[in-house]
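Here are some short exercises, each with a worked solution. Keep the viewer open and try each task before you read on.

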Amino acid sequence: MLIYNTLDRKKEEFVPPNPPHVSMYVCGPTVYDLFHIGNARSFVMGDMIRRYLIFRGYKVKYVMNLTDVDDKIIKRANELGVDAKEYAEKYIKEFFKDIDGLKIKRADAYPRATQHIGDMVELISELEKKEIAYNVNGDVFYDVSKFKDYGKLSGKRIDDLESGARIEINENKHNPLDFALWKKAKEGEPEWESPWGKGRPGWHIECSAMSMKELGQTIDIHAGGSDLIFPHHENEIAQSEAATCKDFVKYWVHFGFLNIRDEKMSKSLGNFFTARDILKKFSAETVRLFFSQTHYAAPLNFSEELLQSASKASEKIITLAKKINEKLKSENYGDEESSVNFEKYFADFTSAVDDDFNFPKGVAVIFDFVREVNREMQTDKEFKVEFYQSAKEFLVKTAEEVLGILDWKELETPAVTDSKEDELIRLLIDLRANAKKEKNYALADEIRNRLGEMGIVLQDTKDGVTYTRK
Ligand code: AMP
Ligand code: ZN
């Protein structure tokens, strides 16, 4: 398998040092609002890469952080006159609703910054001990001049950065590029005790501390949107490598932007659609197919017309899957052999995606497959059961398990179209979880039973609660 490694600016053979184990960390959201469909692109691409690694036999430990203390959260909460912690908590709940809505598999861990302050303080103390961090009246900064490899990820030299970058001016810094590891407490901001007085961590140290805590000092794959290359990931490398004297990450993977009219979709530009609003109009399968038809690193323009054509394409896969499903249920088979070469389709899919997660090529193989199997099924021939089973297997392993652009369970129970009803069911599921937390099992059971009477069956899975309709 080849992966384009931002660190070396070239495609490299993927050789995890501890196979079949692979550790993967993706920078998660700052939880101050619903996430937009641009963020969704990064979250879905991380999910697809993880799923593909599993398809290739790796055992992946997948971690995504939740930034629940940050300038933006504090500002919003203060504007609204609410507690920053509660505010972040609310948007963590909303984040998971949309993650489930996009059929992104839950990560193995979602560390929250506020639960790892001790780890961050420890890491900063280590940097201070090595005289790489310096304290100025309770603000602690990282001295970039002490890390000789500074700039190796973004390919920038310190001199260029100093002249070109928009750098936060702060007279306490030794060098304009130095960045905050610990911010001294201010009125109206959350604060924690530390060796430097009360304060809160900087954003970059959060990811260094949480990723190393969860995955060890050297991580196989670290990913995020390409806006994070500089300064966020550059600073993560500087912090982690200076502290541990080990390589922090083997493969750096960066996702291209989702753009609107060639401009990055972002909260600050106001040119965004929330993932939630898009999911009211299009299925998760359609959104995921739309994303998978462009290489993860390339820019992708967003428009509803493009989603509509993805929706039409998605129908082709679903229609074939339904035909196969009907046939398998009818148990009415013949004894004709088919000429479809399933092994070759698997091999083509694998060699396409092995080349730096080329999902667009993989999707093209699936559409070739759909065309050929449709052609076979349109003849009057009655094939052996193995033909229908193999066709199902190919679609389930590739379209469903890797790309998430098909959901076999839903072929018979169509996706919920009434989003209000969906929201109400989700509300009841949340209330049931609360009841369970409070050990009110009678109420939790009543919610499950009453929904069951209405034909809505809840399932407790390790990825959370899902439901189907009878
Ligand atoms: P944030 O909540 O802003 O920290 O972003 C969460 C993730 O979404 C990060 O990995 C960002 O790089 C990514 N991201 C933000 N905007 C876009 C965009 N327009 N296209 C793709 N990824 C994005
Ligand atoms: Zn991060």
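## Exercise 1: Around histidine 222

Task: find which residues histidine 222 touches, not counting residues up to four places away in sequence.

Solution. Leaving out residues up to four places away in sequence, histidine 222 touches Tyr25, Cys27, His233, Glu236, Phe248, Val249, Tyr251, Trp252 and Val253, where contact means heavy atoms within 4.5 Å. Next, place histidine 222: it lies in strand β9 (residues 219–225). Helices (H or I, at least four residues) and strands (E, at least two) are DSSP runs, numbered from the N terminus. Then check exposure: histidine 222 counts as buried because its relative accessibility is 0%. Buried means under 20% relative accessible area, exposed over 50%, and partly exposed in between (1.4 Å probe, protein chains only). Finally, look at the side chains of histidine 222 and glutamate 236, which are joined by a polar contact of 3.4 Å. A polar contact is a pair of N or O atoms within 3.5 Å; within protein, one must be able to donate a hydrogen and the other to accept it, and residues adjacent in sequence count only if both atoms are side-chain atoms.

A word on the model: it is predicted, so local features need pLDDT of at least 70 and side-chain atom pairs count only at pLDDT 80 or more, while totals for chains, interfaces and linings use all residues. Residues are numbered from 1 along each chain as its sequence is written, chains are lettered from A and ligands numbered from 1 in the order in which they are written, and side-chain values use heavy atoms, with hydrogens and water left out.

## Exercise 2: The zinc ion

Task: which protein atoms are donors of the zinc ion (ligand 2)?

Solution. Start at the ion: Cys27 (SG), Cys207 (SG) and His232 (NE2) are its protein donors, lying 2.1 to 2.2 Å from it. Donors are N, O and S atoms within 2.8 Å of the metal (3.2 Å for Na, K and Ca); water is not among the atoms, so sites may look incomplete. Now read the spacing of these donor residues in sequence, C-x179-C-x24-H. Cysteine 27, in the loop between β3 (21–26) and α1 (37–55), and cysteine 207, in helix α6 (residues 203–215), are 180 residues apart and link distant parts of the chain. Both cysteines, 27 and 207, are buried.

## Exercise 3: Helix α3

Task: compare the expected span of helix α3 (residues 84–101) with its end C-alpha atoms.

Solution. The expected span is 1.5 Å times one less than the number of residues. For the 18 residues of α3 this gives 26 Å, and the end C-alpha atoms are 26 Å apart, which agrees. Next, pick out its buried residues, among them Tyr87, Tyr91, Phe95 and Ile99. Their cover includes α1, β4 (59–64), α2 (71–80) and α8 (275–281). Just after α3, lysine 103 takes a positive phi of about 55 degrees.

## Exercise 4: Serine 338

Task: which polar partners does the side chain of serine 338 reach?

Solution. First locate serine 338 in the loop between α10 (304–330) and α11 (342–354). Its side chain reaches the backbone nitrogen of valine 340 at 2.9 Å. The side chain of serine 338 also makes a polar contact of 3.4 Å with the side chain of glutamate 376. Lastly, the C-alpha atoms of serine 338 and phenylalanine 383 are separated by 6.7 Å, although their positions lie 45 residues apart along the chain.
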